[in-house]
Amino acid sequence: MSETVDRLVIRRPDDWHVHLRDGAMLAAVADYTARQFARAIVMPNLKPPVTTAAAGAAYRARIQAAVDPALNFTPLITCYLTDGINPDELVRGHGEGIFTAAKLYPAHATTNSALGVTAIDHIRPALAAMERIGMPLLIHGEVTDAHVDIFDREAVFIERTLAGLVQDYPGLKIVFEHITTAEAAEFVAASGPNIAATITPHHLAINRNAMFEGGIRPHLYCLPVVKRERHRLALRAAATSGSAKFFLGTDSAPHAVTDKESACGCAGMFNAPFAIESYAKTFAEEGALDRLEGFASEHGPRFYGLPLNDSHIAIERRAVAVPERLPAADTAIVPFHAGETLEWHYAGIVV
Ligand code: DOR
Ligand code: ZN
């Protein structure tokens with residue numbers, strides 16, 4: 001596709017990693033995801049986390065109630081793995097179509113992960129069951145060892161944990177979520193077809209300098225934290241390579257502006273309102289708009305064994321100004337790209 005193209009029609013995309021929250025925040029943010037994406041893998045790190053099929057079904061119903069039905073959006077629910085997870089509950093939840101996948105948070109790795117897994121040995125029966133039934137394992141891949149530099153925690157996780165998991169459960173489908181390093185991209189590319197990764201808009205767009213440009217920028221803080229430029233370039237190469245192992249997962253993670261602009265600001269970027277615009281910017285800059293559809297709309301469903309979406313969306317080259325803040329519940333959220341003008345605009349579903 002030539003760089004003079006100014007309208008792109010692609011199959012409607014899915015978001016394979018998003019935080020929709022609950023209650024008033026869910027009501028405020030859900031339609032941003034639903035207006036662009038047909039489906040989304042919804043993270044279970046609520047308070048309390050989603051650890052049973054009944055809690056998963058109830059959460060799915062709350063999401064469906066929060067979303068405008070005209071947007072035709074399907075939430076895909078995940079189970080939060082704890083040390084005490086019951087493999088039968090996972091198998092039953094998956095069999096009943098409630099749990100699409102299960103999420104591994106190493107305990108204390110990120111927001112609401114205190115009840116996460118303290119040692120892989122605790123969840124081996126669950127992993128064996130998931131391997132057997134073809135249920136994907138979604139991994140927040142960072143060690144929590146305070147002695148490991150925060151910028152190295154993903155690469156060290158590959159050595160200490162992920163490589164062993166891949167060996168021990170060769171048939172397990174694993175998504176290495178929101179990868180941030182060249183090491184992660186290389187590991188996934190070199191692994192078998194059952195190992196894939198999601199990549200966020202922000203890790204493709206900024207490096208760690210952006211967090212400190214002219215002062216500390218809490219709205220650019222997320223976990224895993226953004227890394228050096230060479231890692232950003234490796235992620236851009238992976239996302240635009242055409243490899244079916246890499247697909248779209250925004251990790252959109254809304255927090256009230258007061259929780260970000262604080263002495264101990266929360267991790268997470270709210271990129272849902274301009275998600276496809278942000279990815280389109282990266283793919284256009286890389287001269288790879290012809291590969292956006294694979295990354296956004298095809299590789300994910302194929303990995304998960306789900307049908308491709310039938311509908312299509314249009315993305316047009318037309319300036320779009322990103323607001324400084326968006327109202328949400330009784331507060332506001334600062335979106336990713338706040339105050340910027342983006343060149344590619346989401347023009348909606350085409351018939
Ligand atoms: O930045 C992040 N925010 N990373 C995560 O892993 C969790 C997320 C959240 O829930 O806020
Ligand atoms: Zn996340």
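Q: In this predicted model, how many residues surround ligand 1?
A: A residue belongs to the surroundings if one of its heavy atoms lies within 4 Å of the ligand. The closest residues to ligand 1 include Arg-21, Asn-45 and His-255. With Thr-110 and Leu-223 also among the closest, the number of residues that surround ligand 1 is 13.

Q: How do the residues of the shell around ligand 1 divide into nonpolar, polar and charged?
A: Two residues of this shell are charged. The rest of the division is four nonpolar and seven polar.

Q: Which side chain has an N or O atom 2.8 Å from an oxygen atom of ligand 1?
A: A pair of N or O atoms within 3.5 Å is a polar contact. The side chain of Thr-111 places an N or O atom 3.2 Å from a ligand oxygen, and a polar backbone atom of Gly-268 is also 3.2 Å from a ligand oxygen. The side chain with the 2.8 Å distance is that of His-255.

Q: What percentage of the accessible area of ligand 1 does the protein cover?
A: On its own, ligand 1 has 290 Å² of accessible area. The space taken by the ligand is the largest cavity. The share of that area covered by the protein is 99%.

Q: Which element gives the largest share of the lining of the largest pocket?
A: The largest pocket has a volume of about 500 Å³, and 22 residues line it, with Arg-217, Leu-220, His-337, Ala-338 and Glu-340 closest to its centre. Helices H8 (229–239) and H10 (275–285) are the elements that give two or more residues to this lining. The largest share, three residues, comes from H10.

Conventions: Residues numbered from 1 in each chain as written. Chains lettered and ligands numbered in written order. Predicted model: local features only at pLDDT ≥ 70, side-chain atom pairs only at ≥ 80, totals over all residues. Heavy atoms only, no water. Polar contact = N/O pair within 3.5 Å; in protein donor to acceptor, adjacent residues only side chain to side chain. Areas by Shrake-Rupley, 256 points an atom, 1.4 Å probe, with all protein chains shown as cover. 1 Å grid on protein atoms, 1.4 Å probe; cavity = no way out; pocket = protein on both sides within 12 Å on 5 of 7 lines; lining within 4 Å. Sits in = over half its atoms within 2 Å of the grid points. Nonpolar A, V, L, I, M, F, W, Y, C, P; charged D, E, K, R; others polar. Points joined across faces, edges and corners; volume = space filled by probe spheres on them. Helix = DSSP H or I, 4+ residues; strand = E, 2+ residues; numbered from the N terminus.
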